[in-house]
Amino acid sequence: MDFTTAYDAEVAEAIGKSGPHWRFWLFDLEASTAAPVEGIDVDIADGAQFAVLDGRTFIFLPFDDWARTKVYEIVDERAVARFEVTGDVYQWVRVR
């Protein structure tokens with residue numbers, strides 16, 4: 001997008017719906033800094049979910065057909081693929 005020209009809603013919408021423009025970010029609120037999360041090897045689309053269990057942060061990303069979900073864990077400020085599961089994972093709940 002060229003920010004020296006007038007705003008074009010059609011161009012903005014096209015950019016927003018295509019390409020690797022959507023990323024996850026880690027924020028350090030005390031330091032007022034942020035950095036993109038590295039290590040995610042699938043396109044990010046609607047449906048991303050998160051869970052924090054025992055101090056561990058997980059991201060669930062559904063595949064395009066919503067038939068499988070890839071689960072990542074944030075480790076040392078990087079996403080590490082842990083496993084894939086059947087279906088759309090939208091939450092985890094600790095039961096014990």
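Here is a chat about a predicted model of a protein chain.

Me: Hi! What am I looking at, a real structure or a predicted one?
Reply: Hi! This is a predicted model, so keep that in mind as we go through the chain.

Me: Okay. How many helices and strands are there in the protein chain?
Reply: The protein chain has one helix and six strands.

Me: And what pattern do they follow along the sequence?
Reply: Reading along the sequence, you get α-β-β-β-β-β-β. The helix comes at the start of that pattern, and the strands follow.

Me: Which strands make up the open sheet, and in what order?
Reply: Four strands form the open sheet, in the order β3-β4-β5-β6, and their pairing is antiparallel. The edge strands are β3 (49-53) and β6 (78-86), each of which pairs on one side only. From one strand to the next, the twist averages 25°.

Me: Let's zoom in on β3. How many bridges join it to β4?
Reply: Five bridges join β3 to β4, which covers residues 56-62, and the two strands run antiparallel. If you'd like a spot to find on screen, look for Val52, which stands opposite Thr57 in β4.

Me: Nice, found it. New topic: how many salt bridges does the structure hold?
Reply: The structure holds three salt bridges.

Me: What does Arg56 pair up with?
Reply: The side chain of Arg56 meets that of Glu73 in a salt bridge, at 2.7 Å from N to O. Glu73 belongs to strand β5 (residues 68-75) and Arg56 to strand β4, so this pair ties together parts that are 17 residues apart in sequence.

Me: Is Glu73 buried or exposed?
Reply: Glu73 is buried, because its relative accessible area is 5%, and the cut-off for buried is under 20%.

Me: And what about Arg56, how much of it is accessible?
Reply: Arg56 has a relative accessible area of 41%, so it counts as partly exposed.

Me: Which other residue forms a salt bridge with Glu73?
Reply: That would be Arg82, with the closest N and O atoms 2.9 Å apart. Arg82 is partly exposed, at a relative accessible area of 40%. Through salt bridges that share partners, Arg56, Glu73 and Arg82 are joined into one network.

Me: Which residues is Glu73 in contact with, leaving aside its neighbours within four places in sequence?
Reply: With those neighbours set aside, Glu73 is in contact with Arg56, Thr57, Phe58, Arg78, Ala79, Val80 and Arg82. You've already met Thr57, the residue that Val52 stands opposite.

Me: Back to the salt bridges. What does Arg68 meet?
Reply: The side chain of Arg68 meets the side chain of Glu84, at 3.4 Å from N to O. This pair links distant parts of the chain, since Arg68 sits in strand β5 and Glu84 in strand β6, 16 residues apart.

Me: How accessible are Arg68 and Glu84?
Reply: Arg68 is partly exposed at 33% relative accessibility. Glu84 is also partly exposed, with a relative accessible area of 36%.

Me: Let's zoom out again. What share of the protein chain's residues count as buried?
Reply: Of its 96 residues, 18% count as buried.

Me: And how much area does the protein chain expose?
Reply: About 7500 Å², with carbon and sulfur atoms supplying 53% of that area.

Me: Last one! Among contacts between residues at least 6 apart in sequence, what share join residues at least 24 apart?
Reply: In the protein chain, that share is 24%.

Key. Residues are numbered from 1 along each chain as its sequence is written. This is a predicted model: local features need pLDDT of at least 70, side-chain atom pairs count only at pLDDT 80 or more; totals for chains, interfaces and linings use all residues. Side-chain values use heavy atoms; hydrogens and water are left out. Two strands pair if DSSP finds at least two bridges between them. Axes are lines fitted to C-alpha atoms, for helices over the stretch in contact, and angles run from 0 to 180 degrees between N-to-C directions. A salt bridge is a side-chain nitrogen of Lys or Arg within 4 Å of a carboxyl oxygen of Asp or Glu. Buried means under 20% relative accessible area, exposed over 50%, partly exposed in between (1.4 Å probe, protein chains only). Contact means heavy atoms within 4.5 Å. Accessible areas come from the Shrake-Rupley method with a 1.4 Å probe; for residues, only the protein chains shown count as cover.
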